[in-house]
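I opened my notebook to jot down what I looked up in this structure. Here are the entries, in the order I made them.

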Amino acid sequence: MAHIKVEEGVPGIRSLVLFRPETGKHLYELAQVLLRDASPLTAAERELIATHVSARNHCIFCMSSHAAAARELFEEKREVVDCVIENKDTALLSDKMKALLTIAGKVQQSGKLVTDEDIAEARKHGAEDRDIHDTVLIAAAFSMFNRYVDGLASLTPTDPKEYEPMGKRLATLGYVLPQQQKTNGTH
Amino acid sequence: MAHINLPEGLPGIRGPMAFRPETTKPLNELAEVLLRSENSLSRGDRELIATYISYLNDCFFCQNAHGGIAQHYLECDMSFIDDVKHDKDNAKISPKLKALLTIAASVQRGGKHVTTEQVAKAKLLGATDLEIHDTVLIAAAFCMFNRYVDGLNTWAPQDRMFYINRAKDRAEEGYANYDPHH
């Protein structure tokens, strides 16, 4: 059960932003700009960074929902998502993405762990300032989202199938603030 | 030197905020609601939570910038802020704020570290659901801000007086719509 009184049956961050839409709307806007607006990284690559950080933080809700979104966006290359979650080396991942995921993994532990060598390695494989900026901020933002979701013990569905429609929604509609249900409809 | 090319001379988070205004907008609006808008937790207490988390994350810029602002609101000196950082349980703050800082410290280590007992204790001391929510989100948000500032290796003035001297202006300026070049 969640640590505070949120709407029953609503999973993860959705229950929290319904509880406090004043902060929720800025959190969703941040996710939309970071993960969907123009960037040298594709939406699929950015969802992969979010998945990687959430997996390292053991946040099952965030990991599963962003993995589902990443699988939708990677289409026939969707296998890459499970390789990243399981830390398996794969040819589906470019050297640039490998270097950026290393940086994201450091940020997940502490910003101070990112070294000049980590940055040089990413640049060697074509990463520019915006790639590095977005990687660091996505990793930092998921260090927040994961703590928000688990710190309030929000509802985490355990059936992987429940995340598939979330992934489809995130892949097609992006980050749209959930609205309070006036009737007893489904969420 | 910062890991990416940032506008020169801007301390801490102001560099990356000037670099990418599109993400700056929701980041600052979030900070404004969490730290400054109407709330049963005072602005001083909320800045103190932000300072404490930034201290636990060893983020020099954030702990001094927000420590300075907390000191301004609480009308105390920096040694009081240092007492809270180093030994909150013996600091001169309310039992309720101590309980909220305990929850915040758990969030800093990882969301799953927050226990039902910690939350029950805070509620027993008068904390509302909204106050617990905001404490968790302030702590989580500073785990983001600290990583953003340090993950890009931004520049921070080392003299603590720099932060104390500008605290009043920063407090009045607020977080929404400020000019990072300022």
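**Entry 1: cavities**

I started with empty space, and the count came to one cavity of 30 Å³ or more. For my own use, I wrote down that a cavity is a set of points, on a 1 Å grid over the protein atoms alone, where a 1.4 Å probe fits but cannot get out. Points are joined across faces, edges and corners, and a volume is the space filled by probe spheres set on the points. The largest cavity holds about 320 Å³ of space. It is lined by 20 residues, and those closest to its centre are B:Ile13, B:Phe61, B:Ala65, B:His66 and B:Tyr175. A lining residue has an atom within 4 Å of a point.

Next I checked which helices of chain B build that wall. I found that α1 (14–19), α2 (21–35), α4 (60–74), α8 (129–151) and α9 (160–173) each supply at least two lining residues. Helices here are DSSP runs (H or I, at least four residues), numbered from the N terminus. Sorted by class, the lining has 13 nonpolar, three polar and four charged residues. Nonpolar covers Ala, Val, Leu, Ile, Met, Phe, Trp, Tyr, Cys and Pro, charged covers Asp, Glu, Lys and Arg, and the others, Gly among them, are polar.

**Entry 2: ground rules**

I noted that this is a predicted model, where local features need pLDDT of at least 70, side-chain atom pairs count only at pLDDT 80 or more, and totals for chains, interfaces and linings use all residues. Residues are numbered from 1 along each chain as its sequence is written, chains are lettered from A and ligands numbered from 1 in the order in which they are written, and side-chain values use heavy atoms, with hydrogens and water left out.

**Entry 3: where the chains meet**

I then turned to the interface: 44 residues of chain A are in contact with 45 residues of chain B. Contact means heavy atoms within 4.5 Å. The area buried between the two chains is about 3,700 Å², and carbon and sulfur atoms give 67% of that. On the chain A side, A:His3, A:His133 and A:Arg147 lose the most area to chain B, together 19% of what that side buries. Buried area is the accessible area (1.4 Å probe) that two parts lose on being put together, summed over both.

**Entry 4: a pair across the interface**

Is A:Asp134 buried or exposed? A:Asp134 counts as buried because its relative accessibility is 2%, and buried means under 20%, exposed over 50%, partly exposed in between (1.4 Å probe, protein chains only). I found A:Asp134 in helix α8 (residues 129–151) of chain A. Leaving out residues up to four places away in sequence, A:Asp134 touches A:Leu34, A:Ser39, A:Leu41 and B:Arg20. The side chains of A:Asp134 and A:Arg130 share a polar contact of 2.9 Å. That term means a pair of N or O atoms within 3.5 Å; within protein, one must be able to donate a hydrogen and the other to accept it, and residues adjacent in sequence count only if both atoms are side-chain atoms.

From the other side, I looked up B:Arg20, which sits in the loop between α1 and α2 of chain B. B:Arg20 is also in the buried class, at 7% relative accessibility. With the same sequence neighbours left out, B:Arg20 touches A:Val33, A:Ala38, A:Arg130, A:His133 and A:Asp134. Its side chain makes a polar contact of 2.8 Å with that of B:Glu22.

**Entry 5: a covered helix**

Helix α1 (residues 12–19) of chain A is mostly covered, with seven of its eight residues buried. Its cover includes α2 (21–35), α4, α8 and α9 of chain A, together with α8 of chain B.

**Entry 6: odd backbone angles**

Most residues other than glycine have a negative phi, so I looked for exceptions. A:His58 has a positive phi near 55°. I placed A:His58 in the loop between α3 (43–56) and α4 (60–74) of chain A, and A:His58 counts as exposed at 55% relative accessibility. A:Ala153 has a positive phi too, near 50°. A:Ala153 is in the loop between α8 and α9 (163–172) of chain A and is partly exposed at 26%.

**Entry 7: one last side chain**

My last stop was B:Glu173 in helix α9 of chain B. Its side chain makes polar contacts with those of B:Arg14 (3.4 Å) and B:Arg170 (2.8 Å). B:Glu173 is partly exposed, at 23% relative accessible area.

Notes. On a 1 Å grid over the protein atoms alone, a cavity is a set of points where a 1.4 Å probe fits but cannot get out, and a pocket is an open set with protein on both sides within 12 Å along at least five of seven lines; lining residues have an atom within 4 Å of a point.
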